[in-house]
Amino acid sequence: MLQTETSPMPRPFPLSVEQLTELANEFPTPFYLYDEAGIRQTCQELNQAFQWADGFRNYFAVKALPNPHILNIVHDEGMGADCSSKAELFLSETVGLTGEQVMFTSNNTPIEEYTAAKALGAILNLDDISHIDFIHEQIGLPELVSFRYNPGAAREGNVIIGNPEEAKYGFTESQLFDGYRRLKELGVQRYALHTMVASNELDGSFFVETARMLFDLVARIHNELDIQIEFINLGGGIGIPYRPEDQPIDLAKLGVAVHELYNSMIASTGLDPLRIVMENGRMVTGPHGYLVTRCLHHKSIYRDYVGVDACMANLMRPGMYGAYHHITVPGRKDEPWDRVVDVVGSLCENNDKFAIQRELPAIQRDDLLVIHDAGAHGHAMGFQYNGKTRSAEFLLQTDGSIKQIRRAETQDDLFATLDFSEFR
Ligand SMILES: *Cc1c(COP(=O)(O)O)cnc(C)c1O
């Protein structure tokens with residue numbers, strides 16, 4: 001049904017129409033804008049929810065928003081970094097995230113990357129049992145080793161991460177026991193346990209069940225192998241309300257529920273202290289990032305189209321997963337949402353659409369559109385297909401000023417790796 005009221009606004013865009021217009025007049029669209037105050041607030045809410053858990057830390061998944069200016073903010077809020085490549089380790093080190101403030105959760109990992117992670121003192125979170133001896137033989141194991149558990153048929157996943165049984169990640173349950181036994185033989189002294197079975201999950205009980213599963217494993221590993229697990233890592237995957245009708249996870253409630261389980265399964269059975277950590281990316285920055293784009297054209301054929309100057313190369317999620325991103329038109333806040341359009345980019349791919357059959361106000365050429373909740377897995381997934389260059393990133397700082405934290409790519413950047421010498 002068509003909506004005739006004014007725009008639903010899940011999260012108010014943090015700039016006034018005047019400020020947005022000024023920014024878009026100074027810098028070419030499209031660009032990303034991140035809201036520092038929002039990011040800090042979310043960090044604080046998550047930390048607050050697990051304040052009861054001594055040594056709780058969220059390792060921000062760097063891949064969600066790999067920009068040192070953002071890492072610096074989350075570091076300042078007490079978060080660590082979750083890295084899966086050498087480049088991400090480098091970015092973390094740049095802002096002073098080293099040692100056990102860094103979790104290295106990789107898979108199919110080349111030895112150079114383990115070497116870099118070990119040199120930084122990062123926690124190695126192994127994805128496969130064969131990597132124990134691989135690391136032992138090539139570079140030696142560190143004193144603390146974590147394993148990634150894949151529960152297989154024991155747990156159901158969701159669309160983004162898939163069914164655990166079909167997922168390439170982690171150890172089976174029996175491999176976990178064999179793996180810890182092997183670590184012990186090889187003289188490793190400190191042990192940890194990780195799993196990641198959900199992505200963009202909005203049901204808080206999913207994480208409570210994950211905690212239950214890991215607490216239970218910690219107890220069985222202790223009983224069978226006489227090994228004390230030092231911490232469990234509940235993974236990332238806390239979802240965000242992309243759709244106006246979605247409800248965010250109640251973090252405080254999640255914290256309380258995990259606390260109750262901790263008391264009954266760990267504290268009262270003498271398995272404490274057991275630290276709890278997570279590695280969320282999306283929930284930290286996702287809601288606080290916006291892709292700003294301008295209307296270039298209108299087109300009416302079998303459907304009506306609004307063509308914008310951003311495309312799937314700037315934000316791949318809608319094209320790749322059919323993901324919903326809310327769109328608003330700040331300059332037309334008070335107009336009725338009485339049009340139904342597809343909002344499209346200019347790639348030669350028909351899935352280059354930010355919205356399909358979406359109710360929006362009437363949009364004119366040069367209007368600025370804001371694509372919401374683009375602060376995680378947004379710019380980071382950008383690509384250069386069709387000769388597209390990646391956009392700039394701006395940070396709205398807590399004092400209200402705006403800082404460019406990445407410049408836009410130029411055509412020279414695009415062609416920097418080509419050799420034109422034969423053609424000149
Ligand atoms: C991607 C990823 C994360 C972060 O996921 P979010 O959905 O951004 O919270 C955490 N851990 C691992 C191993 C990942 O691959």
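**Cores and strands in a predicted model**

Trainee: Leaving aside neighbours within four places in sequence, which residues is Val343 in contact with?

Mentor: Happy to start there, and keep in mind that this model is predicted. Setting aside the neighbours within four places in sequence, the contacts of Val343 include Lys353, Phe354, Ala355, Leu360 and Leu369. The others listed for Val343 are Val306, Val308 and Ile327.

Trainee: Which helix gives the most to the largest nonpolar core?

Mentor: That core has 103 residues, and Val343 is among those with the most contacts inside it, along with Tyr180, Leu193 and Phe215. One helix, residues 205-225, gives twelve residues to this core, the most of any, and that is helix α8.

Trainee: Why does this core lie between domain 1 and domain 2?

Mentor: Look at where its residues come from. Domain 1 covers 50-279 and domain 2 covers 287-414. The core lies between them because residues are given to it by both domain 1 and domain 2.

Trainee: Good to know! How many residues does the other core have?

Mentor: This other core lies apart from the one between the domains. Phe13, Leu23, Leu33 and Ala392 are among its members, and its size is 14 residues.

Trainee: Now to the strands: which residue in β6 stands opposite Asn125?

Mentor: Asn125 is buried and points the same way from β5 (residues 123-126) as Ile123, while Leu124 and Leu126 point the other way. Strand β5 runs parallel to β6 (residues 144-149), joined by three bridges. The chain gets from β5 to β6 through helix α6 (residues 130-138) in a right-handed β-α-β crossover. Opposite Asn125, in β6, stands Ser146.

Notes. Residues numbered from 1 in each chain as written. Predicted model: local features only at pLDDT ≥ 70, side-chain atom pairs only at ≥ 80, totals over all residues. Heavy atoms only, no water. Buried < 20%, exposed > 50% of the residue type's maximum accessible area, 1.4 Å probe, protein only. Helix = DSSP H or I, 4+ residues; strand = E, 2+ residues; numbered from the N terminus. Pairing = 2+ DSSP bridges. Right-handed = clockwise from strand over helix to strand, strands pointing away. Core = buried A, V, L, I, M, F, W, Y, C linked by side-chain atoms within 4.5 Å. Domains from an automatic or database assignment. Contact = heavy atoms within 4.5 Å.
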